[in-house]
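Good morning, colleagues. Please take a moment to look at the sequence and the structure as they come up on the screen.

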Amino acid sequence: MSALFGKVCQNGYVVRDIDAALKFWTETLRVGPFFLIPSVRYRGVDSAVEMSIALANSGDLQIELIQQRNDAPSMYLDFLARHGEGLQHMSYWSTDYQLLYDRAVAAGFTVGHEGQIGGPRGRFAYFDTAGHAGTVIEISDISGSKGRFFEKIRTVAATWDGSDPIRVVGRRGIMAQTPQGL
């Protein structure tokens, strides 16, 4: 538990091959099911990152796998270049995003990149953590549809029996329950 941010809710891993990572997590570690979003675009001021992400829970901790699919400048490629594949960020979630954001900035954290998924109640920010080798701090607003989607992932994982380990978002009605823009 962080006195500044609260509890860690997600670990985000940057990978070069999302299919291989999914195989390891679902078959070897038996974590799942993963909800795969095969194509996500993040549009920053200087970047148009194209990526795939997959989300699952291990207990209350969400696991995010991220594969960037182009060479646009990003904190993901920075991490791969410096550290290779691995844990790139820890995410803290809040229904009072602005309070958490202001607290981070007041504590001296610098925004590396930020954006939103599904509108203004789906904001997120990655903070540079130069004082700590590797792991970035992310904060994420879960007060809107993104929070409901994350809750669905946690609920499904709690009773997962190993079947249907990778569920592509947009099939079988899953997209109707995900944030707009994912």
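Over which residues does pLDDT stay under 50? The stretch is residues 171-182, and the model has 25 contacts beyond four places in sequence for it. I should stress that this is a predicted model. Where pLDDT is low, the predicted coordinates should not be read in detail. I shall therefore leave those contacts uninterpreted, following that general caution. For the protein chain, the mean pLDDT is 86, with 86% of residues at 70 or more.

Let me turn to helix H2, which spans residues 75-83. At its start, the backbone nitrogen of tyrosine 76 has a side-chain oxygen of serine 74 within 3.2 Å. Buried residues in H2 include Met75, Tyr76, Phe79 and Leu80. These four lie on the same side of H2, because the arc they cover around the axis is only 140 degrees. An α-helix has 3.6 residues a turn, so residues three or four places apart point the same way. Ala81 and Arg82, by contrast, are exposed, on the face turned away from the buried side of H2. After H2 comes glycine 84, with a positive phi near 80 degrees.

I come finally to the strands. S6, residues 110-116, runs antiparallel to S7, residues 123-128, and 6 bridges join them. Within this pairing, histidine 113 has tyrosine 126 in S7 as its bridge partner. The two strands form a hairpin with 6 residues between them, and in the turn glycine 118 has a positive phi of about 80 degrees. S7 is also joined to S8, residues 136-141, by 4 bridges, again in an antiparallel arrangement. There, phenylalanine 127 stands opposite isoleucine 137 in S8.

How values were computed. Residues are numbered from 1 along each chain as its sequence is written. Side-chain values use heavy atoms; hydrogens and water are left out. Two strands pair if DSSP finds at least two bridges between them. pLDDT is the predictor's confidence in each residue, from 0 to 100. Contact means heavy atoms within 4.5 Å. Buried means under 20% relative accessible area, exposed over 50%, partly exposed in between (1.4 Å probe, protein chains only). The arc is that of the directions from the helix axis to the C-beta atoms. A polar contact is a pair of N or O atoms within 3.5 Å; within protein, one must be able to donate a hydrogen and the other to accept it, and residues adjacent in sequence count only if both atoms are side-chain atoms.
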